[in-house]
Amino acid sequence: MSAARYLTVVAATAALCFALVWGWVATAPLAYLDPEYPAWLAKIELLQSCDLGEVVVVGDSRAAVGILPALLPVKTTNLAVGGGHSVEAYEAVRRALACPAPPRRVIVSLVPEHFMAPDLFWERSVRFGFMDGPALADLRGTEARLGDPSLDQPKRDDGLTPAVRATLFRWRFPTLYVDSLLKSGGFLRLAQNRRTLAAVLAARGQYFWFLAISSGSKYIELAGDEVDHRL
Amino acid sequence: MLFNSYAFVLGFLPVTLAGFFAACRFGRTVAGCWLVAASLVFYGWWNPTNLPVLLASVAGNFAVARLIGATAARPGVQGAVLAGGIAANLAALAYCKYLAGILGAFGIVFAAPALPLGISFFTFTQIGYLIDCRQGLARDRSVLDYALFVTFFPHLIAGPILHNREVMPQFAEAATYRFDAHNLAVGITIFLIGLLKKCVFADQIGAVVAPGFAQAETLAMGGAWLVALSYSLQLYFDFSGYSDMAIGLARMLNVRSPQNFASPYKAQSVIEYWQCWHMSLTRWLTLFLYNPLALAIARRRSGLDRRSLRGFAILVALPTCVTMGLAGIWHGCGLQFLVFGLLHATYLTINHACRTWRRRPPANTRVAVVRRVLLTYLAVLVGAVFFRAASVTQAMAMLAGMAGLHGAAMVPPDPATVRQLGWLLALYAVVGGAPNTQQIMRAHAPALGKVLPGALPWMAWQPTLPWAVALGCAATLGLLSISGTGEFLYFQF
């Protein structure tokens with residue numbers, strides 16, 4: 001094979017592989033995303049179904065774990081998420097109130113620090129698709145109006161502007177998911193993530209972290225890094 | 001700019017290659033100017049304030065080289081010019097790299113400038129050139145040739161440390177300025193292999209290293225070994241990957257670089273290890289430091305027998321310790337680097353002693369070979385702990401952990417640990433069982449210097465369909481992984 005032809009095949013194979021990976025990343029996030037994802041996906045599905053009941057719970061992981069809708073006397077949906085801040089709480093309430101039969105009460109579980117820099121905004125809210133295109137556009141408009149750059153703090157070293165990063169996440173651009181792909185072997189998390197999704201939906205949003213019941217850790221997976229925070 | 005960044009791979013590299021081959025149509029000078037300009041952009045991308053340091057260094061050393069040439073008829077003056085040139089280079093290096101650390105040790109606060117990227121590399125390259133000028137081994141070159149030799153972006157920041165005799169003639173050849181699809185194919189292949197090593201192997205295995213060393217005081221035996229072994233593999237694939245990428249990039253531009261890395265963890269002795277690890281630095285140290293030192297000592301003590309204890313100590317151990325001590329310090333300002341250098345000096349001295357007084361040649365049975373490889377690796381691993389640690393105290397804590405002094409507990413069988421162990425096993429299989437890049441590419445003269453055979457026939461690269469498909473897949477994996485990678489470990493030097 002001539003060198004020119006060899007290079008052409010290399011480029012074509014690379015393009016094809018890239019397209020295949022991109023297709024997989026875009027269509028099968030349950031297969032590879034980290035074990036927190038199915039819990040967030042469950043909240044997204046609950047919100048989309050609008051079957052929320054009388055009460056919704058929003059806020060952080062304490063509420064996500066600690067408030068069990070099954071034990072409450074009225075139909076309740078727990079929309080709190082691990083690492084959730086005021087932004088996610090607001091978005092969940094906004095969508096819940098847009099439902100044909102909106103909830104009558106909202107339980108909010110937040111502490112003052114949740115109104116400061118949202119440290120997992122990109123790694124979870126955007127990466128998991130909780131903040132979708134219109135929500136992000138709305139948020140960025142609010143951010144610009146208030147002159148509040150906290151969503152971009154601390155500065156990330158990926159060299160991307162927030163707008164480009166948001167677009168790449170919306171397209172599920174595969175470079176942003178490589179770490180999860182490698183750690184999951186591409187598909188090895190599918191069965192566990194499906195079980196978690198079913199369990200969280202069955203519990204109307206309440207869930208235990210995958211680590212262990214009453215664990216004091218939270219697991220964050222992001223490009224090139226993995227952090228195990230002690231709370 | 002990092003080789004493993006989208007800005008480089010998708011922006012700088014295609015533009016530079018296209019611009020270079022377009023400029024070649026207008027002659028060698030235009031093409032050379034283009035390459036120098038591209039190299040300066042490459043260098044200044046990260047921190048433009050470093051550019052004046054590089055430019056001053058190039059201009060200053062070129063002037064000194066010219067002066068050395070002009071004073072050839074007066075050896076005394078020529079020697080003084082050379083000494084002045086070397087002193088100026090070392091002074092600049094010391095000012096940028098060591099002064100703050102040295103003064104800090106005495107409690108004096110000195111706000112040193114940010115360390116210019118790659119200063120150790122381009123300083124050593126140019127000192128070597130000045131010495132060659134004095135010895136008449138470097139021909140009088142134009143300022144463009146010289147600037148190209150020093151700033152050539154594939155090797156500017158972390159080597160290989162080039163020798164003018166092997167690279168400058170290539171810049172003078174007309175063939176260098178013609179598009180060559182074969183060289184491009186070979187270069188891209190080597191580059192992609194390097195990208196895979198860096199972005200997938202080194203960065204994945206290295207995830208535990210920084211937190212591990214930060215907790216060195218408390219790591220029990222299992223954890224300490226896991227971290228130390230992971231680091232040794234991270235360093236291996238990081239530097240090997242970098243070297244491949246640098247060699248591949250140069251080859252895309254029709255330039256063949258010297259080898260820099262040849263399966264050092266397969267070495268059967270520490271002497272052999274240094275012949276395979278950072279080969280261009282070893283060669284530089286041997287040519288410009290060890291040999292002159294050993295020769296000077298031998299001349300002064302001409303009656304000494306190398307096989308006597310005293311003779312061995314003076315003729316072998318002394319120059320080895322001085323050279324390796326300086327090699328250690330070359331890597332950074334910190335006692336741990338000096339310990340690293342002296343530790344290797346000790347290994348090398350013991351190794352030389354064994355060769356000097358050995359009665360029988362070493363056994364060549366498989367068991368004996370494996371034993372020697374493991375012993376060498378263990379010795380190198382201990383050195384690597386000092387090389388990585390932030391201080392001697394931290395290194396000692398890590399070694400204490402490895403010795404079980406913080407408890408003999410093994411690592412917990414959680415998923416992250418199992419994954420790390422899996423990576424370790426897989427990468428050791430690559431290190432021990434796979435041929436290195438030069439061996440894979442051997443039929444296509446991938447680098448300067450002799451490449452030993454090692455690849456099975458089916459693993460030897462040829463521009464064939466299976467290789468093209470495999471490389472295409474590797475390119476995807478490497479490119480995808482770029483987003484999660486960090487800078488090369490050797491960039492700090």
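Here is a walk through the cavities of this predicted model and one helix pair in it. Local features need pLDDT of at least 70, side-chain atom pairs count only at pLDDT 80 or more, and totals for chains, interfaces and linings use all residues. Residues are numbered from 1 along each chain as its sequence is written, chains are lettered from A in the order written, and side-chain values use heavy atoms, without hydrogens or water.

Let's start with the empty space. A cavity here is a set of points on a 1 Å grid over the protein atoms alone where a 1.4 Å probe fits but cannot get out. There are six cavities of 30 Å³ or more, and the largest has a volume of about 80 Å³ (the space filled by probe spheres set on the points). Its lining (residues with an atom within 4 Å of a point) has 12 residues, and L235(B), Y273(B), W277(B), F340(B) and F387(B) are the closest to the centre. By class, the lining of the largest cavity has 10 nonpolar (Ala, Val, Leu, Ile, Met, Phe, Trp, Tyr, Cys or Pro), two polar and no charged (Asp, Glu, Lys or Arg) residues. Helix α16(B) gives the most to this lining, with three residues.

Now over to chain A. The axes of α5(A) (residues 86-97) and α7(A) (residues 133-146), lines fitted to C-alpha atoms over the stretch in contact, come within 12 Å and cross at roughly 125°. That makes α5(A) oblique to α7(A), the class left once under 35 degrees, 65 to 115 and over 145 are taken out. In the contact (heavy atoms within 4.5 Å), V87(A), Y90(A), E91(A) and R94(A) of α5(A) meet A135(A), D138(A) and L139(A) of α7(A). These contact residues divide into four nonpolar, no polar and three charged.

How values were computed: On a 1 Å grid over the protein atoms alone, a cavity is a set of points where a 1.4 Å probe fits but cannot get out, and a pocket is an open set with protein on both sides within 12 Å along at least five of seven lines; lining residues have an atom within 4 Å of a point. Helices (H or I, at least four residues) and strands (E, at least two) are DSSP runs, numbered from the N terminus. Axes are lines fitted to C-alpha atoms, for helices over the stretch in contact, and angles run from 0 to 180 degrees between N-to-C directions.
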